[in-house]
Amino acid sequence: MPSSLANAIKRHTHKERSQPAARKKYGLLEKRKDYLQRARDFHKKEDTIKRLKRKAEERNPDEFYFAMEKARTKNGIHDGSLNKANKYSADELALMRSQDVNYLNLKRQVESEKVEAIQESLHYVGLPAQNKHKVFVDSAKEARTFDPSQYFETPKELLNRQFNRPKVDALKDPNSVVLAEGPKAKKMLAKAEKRKVAAYKELAQRIERKELLSRTANRLALQKEVAGKGRKRKLGKDELARTGNEEGQRQQGPVFRW
């Protein structure tokens, strides 16, 4: 029979029995695949122990390497931290610092774009007004008799709003959102307020992250310059005080003079 027809024939599915009810306290019944996995793990560990025993038996007690003079063990485990100091050359370290600075500058630019996008979408909704609305009239008489409520077609109670400032015609509509009452309207307002708070919280976190990335990038750039060639000297508190910006320099970090 061709193999294609053999695969088309329906076969009986052999199901493995589950754990008997009297042995439920011992957990799931181990199947063959579980046994194979456990057996392979056991034999792998057994072979490792045998290989280590053979290495210990065949070890040459007179074996010596010059690296053994500086090697140390901590709690019976080899400590390789002593060899990490000279792992990279000066040029390699300078290259890694420059790559770190470039990466931080890239992330700072990304955060700046996200902050600008959030600020443009929020427009600082709900905060006190930072600007004023100026209305120009033709004469002093019109200025004395000027009525903002009539000019903006808005009730006096809503003039101080920067957002959601409906006109009188909208307030007369019984289906208006402003006049809507009941649990549905309260739920909508609660969701809007929650989204606004979350957006401002995200904005504050992203601004803080952008400033942190900026400070970190400046510090790494300074470390790169200090590690370079040329004589340099770190300015002390007295010298910073004479510059007149001691507090600002303290926040930015150490100051060097070449």
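**Exercise 1. Determine how Asp41 and Lys45 are placed relative to one another in helix H2, and which contact their side chains make.**

Solution. Asp41 and Lys45 both lie in helix H2 (residues 32–57), and because they are 4 residues apart there, about one helical turn separates them. The structure examined here is a predicted model. In this model the two side chains meet in a salt bridge, with an N to O distance of 3.3 Å. The cut-off for such a pair is 4 Å, so the pair qualifies. As for exposure, Asp41 has 39% relative accessibility and therefore counts as partly exposed.

**Exercise 2. Identify the partner of Arg38 in a salt bridge, and classify Glu30 by its accessibility.**

Solution. The partner of Arg38 is Glu30, and the closest N and O atoms of the pair are 2.9 Å apart. The relative accessibility of Glu30 is 40%. Partly exposed residues fall between the buried limit of under 20% and the exposed limit of over 50%, so Glu30 is partly exposed.

**Exercise 3. Locate the two ends of the salt bridge between Glu111 and Arg206, and state whether Glu111 is buried or exposed.**

Solution. The closest N and O atoms of Glu111 and Arg206 are 3.1 Å apart. This pair links distant parts of the chain: Glu111 belongs to helix H3 (residues 90–122) and Arg206 to helix H7 (residues 183–227), with their positions 95 residues apart. Glu111 has a relative accessible area of 5%, so this residue is buried. The pair also belongs to a network of salt bridges that links Glu111, Glu202, Arg206 and Arg209. The search of the whole structure finds 5 salt bridges.

**Exercise 4. Name the residues of the positively charged surface patch, and describe the setting of Arg51.**

Solution. The patch of positive charge on the surface gathers Lys50, Arg51, Arg54 and Lys55. Of these, Arg51 is placed in helix H2. Its relative accessibility of 41% means that Arg51 counts as partly exposed.

**Exercise 5. Summarise the chain as a whole: its elements, burial, contacts and surface.**

Solution. The secondary structure consists of 9 helices and 4 strands. Read from the N terminus, the order of elements is α-α-β-β-α-α-α-α-α-β-α-α-β. The chain has 258 residues, of which 11% count as buried. Among contacts with a separation of 6 or more, 50% come from residues 24 or more positions apart. The accessible surface amounts to about 23,300 Å², and 52% of that area belongs to carbon and sulfur atoms.

Technical notes
Residues are numbered from 1 along each chain as its sequence is written. This is a predicted model: local features need pLDDT of at least 70, side-chain atom pairs count only at pLDDT 80 or more; totals for chains, interfaces and linings use all residues. Side-chain values use heavy atoms; hydrogens and water are left out. Buried means under 20% relative accessible area, exposed over 50%, partly exposed in between (1.4 Å probe, protein chains only). Patches are made of residues with over 30% relative accessible area and no salt bridge: like charges are joined within 9 Å, nonpolar side chains (Val, Leu, Ile, Met, Phe, Trp, Tyr) within 5 Å. Accessible areas come from the Shrake-Rupley method with a 1.4 Å probe; for residues, only the protein chains shown count as cover. Lys and Arg count as positive and Asp and Glu as negative; His and the chain ends are not counted. The place of a charge is taken as NZ of Lys, CZ of Arg, CG of Asp or CD of Glu. Contact means heavy atoms within 4.5 Å.
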